[in-house]
Amino acid sequence: MLLADTLRSTTFKLALAAIVTFGVIASAIFICVYLSTASFVRSRSDQAIMAEYSSLLGAYERSGRRELIELIRNRIAGSSPAEHVYLLVDHASAVLAGNLDKWPSAATAAQGWTEFHAPRASDAASQSRFRAMSATLPGAIAYWWELISATSTALPPRSGRR
């Protein structure tokens with residue numbers, strides 16, 4: 001009888017309404033913070049990819065395909081901690097330079113932004129999701145070349161420090 005009276009009391013109903021209201025407001029704040037953080041991180045990632053892509057495109061426009069291939073090889077040798085992925089293929093999809101063995105099957109966009117999974121440079125057994133800018137390079141008359149410049153969207157593994 002005492003429990004039934006408590007559950008029907010106005011005080012209990014007001015407390016329950018306050019708890020639900022707090023939960024809804026806290027959830028809404030969490031969702032807003034998450035969405036704005038995700039948007040900020042994606043924007044920064046896109047800016048980094050575009051800067052890298054513009055640098056590669058500039059090298060191609062200044063000095064041609066050989067310079068671009070050499071620049072990609074140098075960047076791969078530098079093994080950036082951000083785990084950049086580069087791929088330059090010819091019209092037959094033969095790899096000219098890059099740290100991928102082949103054009104990713106999930107990278108369907110011939111031009112523009114795309115996302116795909118590929119092995120991590122540090123651990124070939126695990127896959128990471130990459131966001132990339134791909135484009136057909138200008139100036140090729142008889143042949144065309146596709147270029148991918150990408151960076152991992154996954155967080156880097158934690159270090160041993162606590």
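# Exercises on salt bridges, cores and a surface patch

Glu52 has a relative accessible area of 15% and is buried. Keep that residue in mind as you work through this predicted model; Glu52 comes back in the first exercise, as the partner of Arg75 in a salt bridge.

## Exercise 1: A bridge between two helices

Task: Find which elements are linked by the salt bridge of Arg75 with Glu52, and compare the exposure of the two partners.

Solution.
Step 1. Start with the distance: the closest N and O atoms of Arg75 and Glu52 are 2.5 Å apart. This is within the 4 Å allowed for a salt bridge.
Step 2. Place the partners. Arg75 sits in helix 3 and Glu52 in helix 2, with their positions 23 residues apart in the chain, and the pair thus links distant parts of it.
Step 3. Check exposure. Arg75 is partly exposed at a relative accessible area of 25%. Glu52, at 15%, is buried, because buried means under 20%.

## Exercise 2: A salt-bridge network

Task: Work out which residues are joined with Glu115 into one network of salt bridges.

Solution.
Step 1. As a reminder, side chains of opposite charge can pair when their charged atoms come close. A search of the whole structure gives 5 salt bridges.
Step 2. Take Glu115 and Arg42, whose closest N and O atoms are 2.3 Å apart in a salt bridge. This pair connects strand 3, where Glu115 lies, to helix 2, where Arg42 lies, across 73 residues of chain.
Step 3. Look at the exposure of these two: Glu115 is partly exposed at 27% relative accessibility, and Arg42 is partly exposed at 37%.
Step 4. Now turn to Arg131, whose side chain also meets that of Glu115 in a salt bridge, at 3.4 Å from N to O. Here the link runs from strand 4, which holds Arg131, to strand 3, which holds Glu115, and the two residues are 16 apart. Arg131 counts as buried, with 10% relative accessibility.
Step 5. Put the pieces together: through shared partners, salt bridges join Arg42, Asp46, Glu115, Arg129 and Arg131 into one network.

## Exercise 3: Two strands and an aromatic pair

Task: Describe how strand 3 and strand 4 pair, then characterise the aromatic pair formed by Phe116 and Phe130.

Solution.
Step 1. Strand 3 and strand 4 run antiparallel to each other and pair over 8 bridges. One position to look up is Trp113, whose bridge partner in strand 4 is Met133.
Step 2. Searching the whole structure for aromatic pairs turns up 1. Its members are Phe116 and Phe130, with ring centres 5.9 Å apart and planes at 20°. The pair counts as stacked because the planes are under 30 degrees apart.
Step 3. Locate the rings: Phe116 belongs to strand 3 (residues 112–119) and Phe130 to strand 4 (residues 127–136), 14 residues apart.
Step 4. Check burial. Phe116 is buried at 1% relative accessibility, and Phe130 is buried with a relative accessible area of 1%.
Step 5. Widen the view to the element: 7 of the 10 residues of strand 4 are buried, so strand 4 is largely enclosed by the rest of the structure.

## Exercise 4: Two nonpolar cores

Task: Identify the elements that build the largest nonpolar core, and say which of them gives the most residues.

Solution.
Step 1. The largest nonpolar core has 17 residues, and those with the most contacts inside it are Leu56, Leu68, Ile72, Leu88 and Leu137.
Step 2. At least two residues of this core come from each of helix 2, helix 3 (65–77), strand 1 (84–89), strand 2 (95–98) and strand 4.
Step 3. With 6 residues, helix 2 gives the most to this core.
Step 4. Another core, of 11 residues, lies apart from it; among its members are Val85, Val89, Phe116 and Phe130.

## Exercise 5: A nonpolar surface patch

Task: List the residues of the nonpolar patch on the surface, and decide whether Leu3 is buried or exposed.

Solution.
Step 1. The patch consists of Leu3, Leu7, Phe12, Leu16, Val20 and Val24, which together have about 550 Å² of accessible area.
Step 2. Helix 1 (2–8) and helix 2 (10–63) each supply at least two of the patch residues, and the largest share, 4 residues, comes from helix 2.
Step 3. Leu3 is located in helix 1. Leu3 has a relative accessible area of 61%, so this residue is exposed.

Notes: Residues numbered from 1 in each chain as written. Predicted model: local features only at pLDDT ≥ 70, side-chain atom pairs only at ≥ 80, totals over all residues. Heavy atoms only, no water. Patch = residues over 30% accessible without salt bridge, like charges linked within 9 Å, V, L, I, M, F, W, Y side chains within 5 Å. Areas by Shrake-Rupley, 256 points an atom, 1.4 Å probe, with all protein chains shown as cover. Buried < 20%, exposed > 50% of the residue type's maximum accessible area, 1.4 Å probe, protein only. Phe/Tyr/Trp six-rings, centres within 6.5 Å; stacked < 30°, edge-to-face > 60°. Pairing = 2+ DSSP bridges. Core = buried A, V, L, I, M, F, W, Y, C linked by side-chain atoms within 4.5 Å.
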